Amino acid sequence: MPKTPTHWTESLFDSVYSLYETAREYQLAHQLAQTQAATVDFARRVTHEGQITLAGLPNGWGRDSTRTPHGQALSGLHRLYSSLESETQSRYEEAALLYASGAAWAVRAVLRGEEPPRVVFQVDDHRDPCPHALEIPGLDTYAEGPALDAAYAALVRCAQAAEYGEHLGDQDYVSDHEAGEMHRAWAVADGTANAAFAYGLIAQRAVSYVLIGPRRARETELALARAAAQTDQPAQ
């Protein structure tokens, strides 16, 4: 029996959900990287002072060098985990913004009366998808509208802080006062990924909300088709 083609309402929701799963994967990876980095933090970890001698590797006095292997291991792991933490943070932020903007795009498309089977992104010079606009107008009757607005405002604050921090950092001279403002701005901007993910969760629920009408129309269409098929069947 041939498989019934997936309706656009289902494939569109699956498209948004795949963006959620992607952002969630990077969120978990970043959390694990943060945990691993904390395990080798010298401010929390006591380094064993035992040393080893490296025969044939003279020091400045012509004697065999010594090394503290535990401290060296912690230093190497700290660099490794810090690099991983930075990389997963960047990927998490990118994925969260695509998730949030993709869900917002889907809501706006459905509200315009379109029937997109998938979220569509433009690509940059590296062939990577570019985030869409994040705002979702036209949801006055949506019960979670206030929560959506609050999450959007939080995400905007992060974006503005990042822009302000970058502006201060690009100056040839930064005063002590401006340096303090720059660090505070970057601290707020560090929350961009979590803010985008939180906004994406509510926007994804808004996708389900705007798909209620099209899904009901589809169910009615299928019911009428089944009724017509039964009417056309010859009497036994």
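At what angle do the axes of α2 and α5 cross, and within what distance do they come? The points below take up this pair and then the rest of the predicted model.

1. The α2/α5 pair. The axes of α2 and α5 cross at roughly 25 degrees and come within 8 Å. Angles under 35 degrees count as roughly parallel, and α2 and α5 are therefore roughly parallel to each other. The crossing in which α2 passes α5 is left-handed. The residues of this contact of α2 with α5 divide into 20 nonpolar, 5 polar and 1 charged.

2. V107 as a point of reference on α2. V107 is placed in helix α2 and is buried, its relative accessible area being 0%. Setting aside neighbours within four places in sequence, V107 is in contact with I136, L139, A203, A206, V207 and V210. Of these partners, A206 may be singled out: V107 and A206 stand 99 residues apart in sequence, yet their C-alpha atoms are 6.7 Å apart in space.

3. The α1/α2 pair. Helix α1 covers residues 8-39 and helix α2 residues 69-111; their axes come within 8 Å and cross at roughly 160 degrees. Angles over 145 degrees count as roughly antiparallel, so α1 and α2 are roughly antiparallel to each other. In this pair α1 passes α2 in a left-handed crossing. By class, the residues in the contact of α1 with α2 are 21 nonpolar, 10 polar and 2 charged.

4. The α1/α5 pair. Helix α5 spans residues 192-210, and the axes of α1 and α5 come within 11 Å, with a crossing angle of roughly 160 degrees. That angle makes α1 roughly antiparallel to α5. The crossing of α1 and α5 is left-handed. On the α1 side the contact is made by F13, V16, Y17, Y20, A23, R24 and Q27, which meet N194, F197, L201, Q204, V207 and S208 of α5. This contact of α1 with α5 has 8 nonpolar, 4 polar and 1 charged residues. V207 appears in this list and also among the contacts of V107 in point 2.

5. The chain as a whole. The protein chain has 6 helices and 2 strands. From the N terminus on, the order of elements is α-β-β-α-α-α-α-α. In the sequence of elements, then, the two strands fall between α1 and α2. Of the 236 residues in the protein chain, 31% count as buried. Among contacts in the protein chain with a separation of 6 or more, 73% are between residues 24 or more positions apart.

6. R127. One backbone value deserves a look by eye. R127 has a positive phi of about 65 degrees although it is not a glycine. R127 lies in the loop between α2 and α3, the latter helix being residues 145-169. With 74% relative accessibility, R127 counts as exposed.

7. Cysteines. The structure holds 0 disulfides. C130 is partly exposed, at a relative accessible area of 28%, whereas C158 is buried, at 8%. The cut-off for buried is under 20% relative accessible area, so C158 falls below the cut-off and C130 does not.

Notes
Residues numbered from 1 in each chain as written. Predicted model: local features only at pLDDT ≥ 70, side-chain atom pairs only at ≥ 80, totals over all residues. Heavy atoms only, no water. Axes fitted to C-alpha atoms, helices over the stretch in contact; angles between N-to-C directions. Helix = DSSP H or I, 4+ residues; strand = E, 2+ residues; numbered from the N terminus. Parallel < 35°, antiparallel > 145°, perpendicular 65-115°, else oblique. Left-handed = near helix turned anticlockwise from the far one by under 90°. Nonpolar A, V, L, I, M, F, W, Y, C, P; charged D, E, K, R; others polar. Contact = heavy atoms within 4.5 Å. Disulfide = S-S within 2.5 Å. Buried < 20%, exposed > 50% of the residue type's maximum accessible area, 1.4 Å probe, protein only.
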